[in-house]
Amino acid sequence: NGIDPFPIHTLPRPSCRGRTVLSLGRIHPKKGLDRLVRAWAFLETEFPQWQLRIIGPSEGGHDKQLHALAQRLNLQRVTIGGPLYAEAKIEAYRTADLFVLPTLNENFGLTVAEALSAEIPVISTKGAPWSGLETEKCGWWIDQGVAPLAAALRSAMAHTPEHLRQMGERGRDWMIRDYAWGRIANDMFDVYQWLKRGGPPPKTVQLD
């Protein structure tokens, strides 16, 4: 998979006065959003400047289930909204301080790449193949569950805006280097050249 890195430099940056944790994508039980809401319950009073924003198309009425869960937990700064597109989606990324994908299972997780391309550090569970968040120093790659998620959120939200911004900048550099479509096209060209000519496989091909 590849991405077109967002044209970010004309868009707003996060505000220190009101800080946002964003989760954007399908609102479906497999995304682990109930765990995110439960983790938030441990943090909301500890971080009064922060809000949790969950955005995306709901499937099977899962948004209503999350609303009900937030109400049972007496949470005050959780919003759950419908999908955003085009510039509105980019602005949602760009005005967030932190992105979370608490998924149970993901073969890629395009929203992680999109968030990083918008210079947002990311917390992702190990249900998605994003170990590079740690090696590239642009996020957290954590075990599944409420407790690991709450711990990662607490660590991330305790950082200064400048520190998170630096992490986000490293993430965008990584996306441009390894996931922009130009790089993906070059990798595919190398694969076809190898299939045609033989010899050692390119780095993108791993053989057992």
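Colleague: In what order do the elements of the chain run from the N terminus on?

Modeller: This is a predicted model, and in it the elements run β-α-β-α-β-α-β-α-β-α-β-α-α-α. Strands and helices take turns up to the last strand, and helices finish the chain.

Colleague: How many helices and strands does the secondary structure come to?

Modeller: There are 8 helices and 6 strands.

Colleague: What does the radius of gyration say about the chain?

Modeller: The idea is to set the value beside the one expected for a compact globule with that number of residues. For 208 residues the expected value is near 17 Å, and the chain has 18 Å, so the two agree. The C-alpha atoms fill a box of roughly 65 × 35 × 30 Å along the principal axes.

Colleague: What share of the residues counts as buried?

Modeller: A residue is called buried when its relative accessible area is under 20%. In this chain, 45% of the 208 residues meet that rule. The accessible surface comes to about 10700 Å², and carbon and sulfur atoms hold 52% of that area.

Colleague: What part of the contacts comes from residues 24 or more positions apart?

Modeller: Among contacts with a separation of 6 or more, such residues account for 71%.

Colleague: Now a single helix. Which residues of helix 1 are buried?

Modeller: Start with the general idea. An α-helix has 3.6 residues a turn, so residues three or four places apart point the same way. In helix 1 (33-41), the buried residues are Leu33, Leu36, Val37, Ala39 and Trp40. Their arc around the axis is only 160°, which means that they sit on the same side of helix 1.

Colleague: What do the buried residues of helix 1 pack against?

Modeller: They pack against strand 1, strand 2, helix 2, strand 3 (78-81), strand 4 and helix 6 (146-157).

Colleague: Next, charged side chains. How many salt bridges are there?

Modeller: A salt bridge is counted when a side-chain nitrogen of Lys or Arg lies within 4 Å of a carboxyl oxygen of Asp or Glu. By this rule there are 12 salt bridges. One of them joins aspartate 97 to arginine 19, with the closest N and O atoms 3.5 Å apart. Aspartate 97 is in the loop between helix 3 (86-94) and strand 4 (98-101), while arginine 19 is in strand 1 (residues 19-24), so the pair ties together parts that are 78 residues apart in sequence.

Colleague: Are aspartate 97 and arginine 19 buried or exposed?

Modeller: Both aspartate 97 and arginine 19 are buried.

Colleague: Where do the partners glutamate 59 and arginine 26 lie?

Modeller: Their side chains meet in a salt bridge at 3.1 Å, N to O. Glutamate 59 is in the loop between strand 2 (50-55) and helix 2 (62-72), and arginine 26 is in the loop between strand 1 and helix 1, so this pair ties together parts 33 residues apart in sequence. Glutamate 59 is partly exposed at 31% relative accessibility, and arginine 26 is partly exposed at 32%.

Colleague: Which salt bridge has both partners in helix 7?

Modeller: Glutamate 162 pairs with arginine 165, and their closest N and O atoms are 2.8 Å apart. Both residues lie in helix 7 (residues 161-178), 3 residues apart, about one turn of the helix. Glutamate 162 is partly exposed, with 41% relative accessible area; arginine 165 is partly exposed too, with 22%.

Colleague: Which residues are linked in a network of salt bridges?

Modeller: Glu136, Arg177, Asp178, Arg183 and Asp187 form such a network.

Colleague: Last, the rings. How many aromatic pairs does the structure hold?

Modeller: There are 7 aromatic pairs. The angle between the ring planes sorts them: under 30 degrees is stacked, over 60 is edge-to-face, and the rest are tilted. Tyrosine 93 and phenylalanine 99 are 5.8 Å apart, centre to centre, with 45° between the planes, so by the cut-offs they are tilted. Tyrosine 93 is buried at 0% relative accessibility, and phenylalanine 99 is buried at 0% as well.

Colleague: What angle lies between the planes of tryptophan 130 and tryptophan 174?

Modeller: The angle is 85°, and the pair is edge-to-face, with 5.6 Å centre to centre. Tryptophan 130 is in the loop between strand 5 (122-125) and helix 5 (132-135), and tryptophan 174 is in helix 7, 44 residues apart. Tryptophan 130 is buried at 1% relative accessibility, and tryptophan 174 is buried at 6%.

Colleague: Which residues form one aromatic cluster?

Modeller: Phe108, Trp130, Trp174 and Tyr179 do.

Key. Residues are numbered from 1 along each chain as its sequence is written. This is a predicted model: local features need pLDDT of at least 70, side-chain atom pairs count only at pLDDT 80 or more; totals for chains, interfaces and linings use all residues. Side-chain values use heavy atoms; hydrogens and water are left out. Helices (H or I, at least four residues) and strands (E, at least two) are DSSP runs, numbered from the N terminus. Buried means under 20% relative accessible area, exposed over 50%, partly exposed in between (1.4 Å probe, protein chains only). Rings of Phe, Tyr and Trp (its six-membered ring) pair if their centres lie within 6.5 Å; planes under 30 degrees apart count as stacked, over 60 as edge-to-face and the rest as tilted. The arc is that of the directions from the helix axis to the C-beta atoms. Contact means heavy atoms within 4.5 Å. The radius of gyration is taken over C-alpha atoms; the globule rule is 2.2 Å times the number of residues to the power 0.38. Accessible areas come from the Shrake-Rupley method with a 1.4 Å probe; for residues, only the protein chains shown count as cover.
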